[in-house]
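Subject: Structure handover

Hi,

Here is the structure for you to look over. My notes follow below it.

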Amino acid sequence: MGSSSPSPSPAPAPPQSSAPAHGASNASLRWRILRRALLARSSSSRASDGTTNDQKKIGDTNKISRKASRGFNLIECHVVPVSQLHKSQGNSLNGNETSVECQKDVNVCYKLPCGGSQELSVMYRREDSLELNDIEASNKYNIDTTGLVCCWPSEEVLAFYCINHSDMFRSKRVLELGSGYGLAGLAIAASTNANEVVISDGNPQVVG
């Protein structure tokens, strides 16, 4: 009578994903945003992709991708005509060139939520008034024009945070790299007791 060998034990089940059952994780959705940006540059790849599937992915990624173009209204502000700003500073407009320049720019006056009701005046270029030399500067220095034409909502949030945590800057030397619009660095300079605030950007037009 032959001896029988024991039957092999069943293989362990593969580990299950911890992602929520209702859909993809936020990380995978962010990768899809990058994938969409890359595929948009390749017509052949875009043509071979399923339209229905892409529409579903766009709907998914829109749930986590949000750019509030008007900001979050954390800091009270209003637009002041540039010509009015020059007159209030005693620099009346002289010559047609200065007048044209004022028509291209927008001045925003911010009332900072801190003691003393500090105000900041920040200027940016109207997005529909970009000129060829603005684009040439971007190509020359390998940078973009975002700091020249807009304040990102995240910058407004950072400025608001810095104002409400002003003690962390007391007697400090502050350096902001790639400040863009510059609201956060200017808010620190205006509302805290920092010893020194240096604001920098790779675009010389933005610095100006």
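The second largest pocket holds about 460 Å³ of space. Its lining is made up of 20 residues. Closest to the centre of the pocket are M123, Q205, V206, V207 and G208. Three elements give two or more residues each to this lining: strand 3 (119-125), helix 7 (146-149) and helix 10 (204-207). Strand 3 supplies the largest share, five residues. Please keep in mind that this is a predicted model.

Now the overall picture. The protein chain has 208 residues, and 26% of them count as buried. Its secondary structure comes to ten helices and five strands. Take the contacts between residues at least 6 apart in sequence: 55% of these join residues at least 24 apart.

Next, strands 4 and 5. Strand 4, helix 9 and strand 5 form a β-α-β unit, and the unit is right-handed. Strands 4 and 5 run parallel, with four bridges joining them. Within this pairing, E176 sits opposite I199 of strand 5.

Which side chains of strand 4 are buried, and which are not? Strand 4 covers residues 173-176, and its side chains alternate. V174 and E176 point to one face and are buried. R173 and L175 point to the other face and are not buried. So E176, the residue opposite I199, belongs to the buried face by the cut-off of under 20% relative accessible area.

One loop residue deserves a look as well. T192 lies between helix 9 (183-191) and strand 5 (196-199). Is T192 buried or exposed? T192 counts as buried, because its relative accessibility is 9% and the cut-off for buried is under 20%.

What does the side chain of T192 reach? There are two backbone atoms to check:

- The backbone oxygen of I188, at 2.6 Å from the T192 side chain.
- The backbone nitrogen of A194, at 3.4 Å from the T192 side chain.

Leaving out residues up to four places away in sequence, T192 also touches C162, S166, F169 and A187. Of these, A187 falls within the 183-191 range of helix 9.

To navigate, start with the pocket and its strand 3 residues. Then go to the β-α-β unit of strand 4, helix 9 and strand 5. Finish at T192, in the loop that leads from helix 9 to strand 5.

Best wishes

Note on methods: Residues numbered from 1 in each chain as written. Predicted model: local features only at pLDDT ≥ 70, side-chain atom pairs only at ≥ 80, totals over all residues. Heavy atoms only, no water. Buried < 20%, exposed > 50% of the residue type's maximum accessible area, 1.4 Å probe, protein only. Polar contact = N/O pair within 3.5 Å; in protein donor to acceptor, adjacent residues only side chain to side chain. Contact = heavy atoms within 4.5 Å. Pairing = 2+ DSSP bridges. Right-handed = clockwise from strand over helix to strand, strands pointing away. 1 Å grid on protein atoms, 1.4 Å probe; cavity = no way out; pocket = protein on both sides within 12 Å on 5 of 7 lines; lining within 4 Å. Points joined across faces, edges and corners; volume = space filled by probe spheres on them.
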